[in-house]
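Here is a short briefing on surface and core packing. Load the model and follow along.

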Amino acid sequence: MLHPQKRKPLDFQIVNPGLVQATSSFNGIIQIAKSPQEDEIAKEAEKLYDQTCGAYATGLTLSGTASGITASYKFQFNKSGIQNTPLVMFALPHHIDSMSSVTKATLTKVHLQTTTKGIATAVKADSWSFNESIPVDMSSYPPEIKAIIRKVGLGEVSQDMNHETNLPSTYFLERTAFARFVNNQQKNPFVYETAWKGIVYMKISATPYITTHFHYGYLVYTAAVIGYLDPSWLRTNKAYVNALDQESSSEDSFSAYALKSRGSLQLAITARSLQAYYLYTSDNKIQPANFISNKVAGILFDNKIDYTTYFGANTEFIHGIHMLPLMPSSTLTRTQKFIREEWEAYFSNGRANAVKGGWKGVLFANLAIIDPKKSWDFFTDPNFDVDWLDGGASRTWYLTLAAGL
């Protein structure tokens, strides 16, 4: 589509089969759009593109409000080009699911196949608005349950926490360790990366931003817990408190859960998108039918989905990385329908019991969402082996999670 700034004709001549050349200079806007193959929809697309030619988005302003268990948010697009011409933008399936009735009225019949996120739909509007439900809190615990959890917890906190947390990663944090990170004295310090202007580890890979929100989530969550238990610490540390592919969907949602009061809406949006593109129930209509039987994405790239992990292809690796860390927010992102289907397909009939090491604990903590008693019995077993706990996890927390469900 060509939209000249001055209304003068623009003619082309065919130089050879591979070159079409303008006969005069051009000053204006060039936009490229894909037209559907179906005749009727192609006509609809041509009409839509003619109506929106000459305007394009350059950014957006995000706003939102929340009240009780409901929230709304809005994309107000910044526009360049012809200001009185409406924008056309493509919405992904998880956008459409939560669109307000006003925005749904601007959906068109023009669709576009994406590489890994299903069918996108053209929206003719300068702004999009959405409605979401905000997650609620967990329940309380009876005294006898608290006593069991306390007994296990006292045993775990008696460990050498300095040794347990002085590691080159934010996955292992508690109060003493947090001070080390605040002062940037951990084994792998943070540095300011000047090309993309962000904070990353000093010892970084070729893709330093690939999981930064995972790691920051542990920092923010630890700060929130310490601040809740010790308000004086929060006042002292107030100043501090305030990639192209992704492997762990659960750590993605955890980074939003860590924000809690400010992140509840973000968490709800994340849950909706993960259930569309990462965690597949049998009725998923977005991903290819021959792929959803895997139940999880593995690694979701911008142009492909790879049912594996960066550290191995064991079934417990591929599925477990989308479970940890098991938190109250896991009940929102990982629905009971999904967990039942996944458990039946990959971990039922003793298969979870055969898993070795810390991944076994991850699987049974995840089981608490659909069978909290079986999970509780696993972690209170007198013959429980601490090797079944993943690094950074605790038996105390897994019992707390199961008891709360």
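Val-20 is exposed, at 53% relative accessibility (exposed means over 50% relative accessible area, buried under 20%, partly exposed in between, with a 1.4 Å probe and protein chains only). The model is predicted: local features need pLDDT of at least 70, side-chain atom pairs count only at pLDDT 80 or more, and totals for chains, interfaces and linings use all residues. Residues are numbered from 1 along each chain as its sequence is written, and side-chain values use heavy atoms, without hydrogens and water.

**Surface**
- Val-20 sits in strand 3 (residues 19-22); strands are DSSP E runs of at least two residues, helices H or I runs of at least four, numbered from the N terminus.
- With Phe-12 and Ile-14, Val-20 forms a nonpolar surface patch of about 340 Å² accessible area together.
- Patch members have over 30% relative accessible area and no salt bridge (Lys or Arg side-chain nitrogen within 4 Å of an Asp or Glu carboxyl oxygen); nonpolar side chains are joined within 5 Å.
- Areas are Shrake-Rupley values with a 1.4 Å probe.

**Largest core**
- The largest nonpolar core (buried nonpolar residues joined through side-chain atoms within 4.5 Å) has 46 residues, and Leu-326 and Phe-379 touch the most other members.
- Helix 15 gives the largest share, six residues.
- Beyond four places in sequence, Phe-379 contacts residues including Phe-364, Leu-389 and Tyr-398 (heavy atoms within 4.5 Å).

**Second core**
- A separate core of 15 residues includes Ala-91, Ile-96, Met-99 and Phe-130.

**Helix 1**
- Thr-52 lies in helix 1 (residues 39-52).
- Thr-52 is buried, at 2% relative accessible area.

Key
Patches are made of residues with over 30% relative accessible area and no salt bridge: like charges are joined within 9 Å, nonpolar side chains (Val, Leu, Ile, Met, Phe, Trp, Tyr) within 5 Å.
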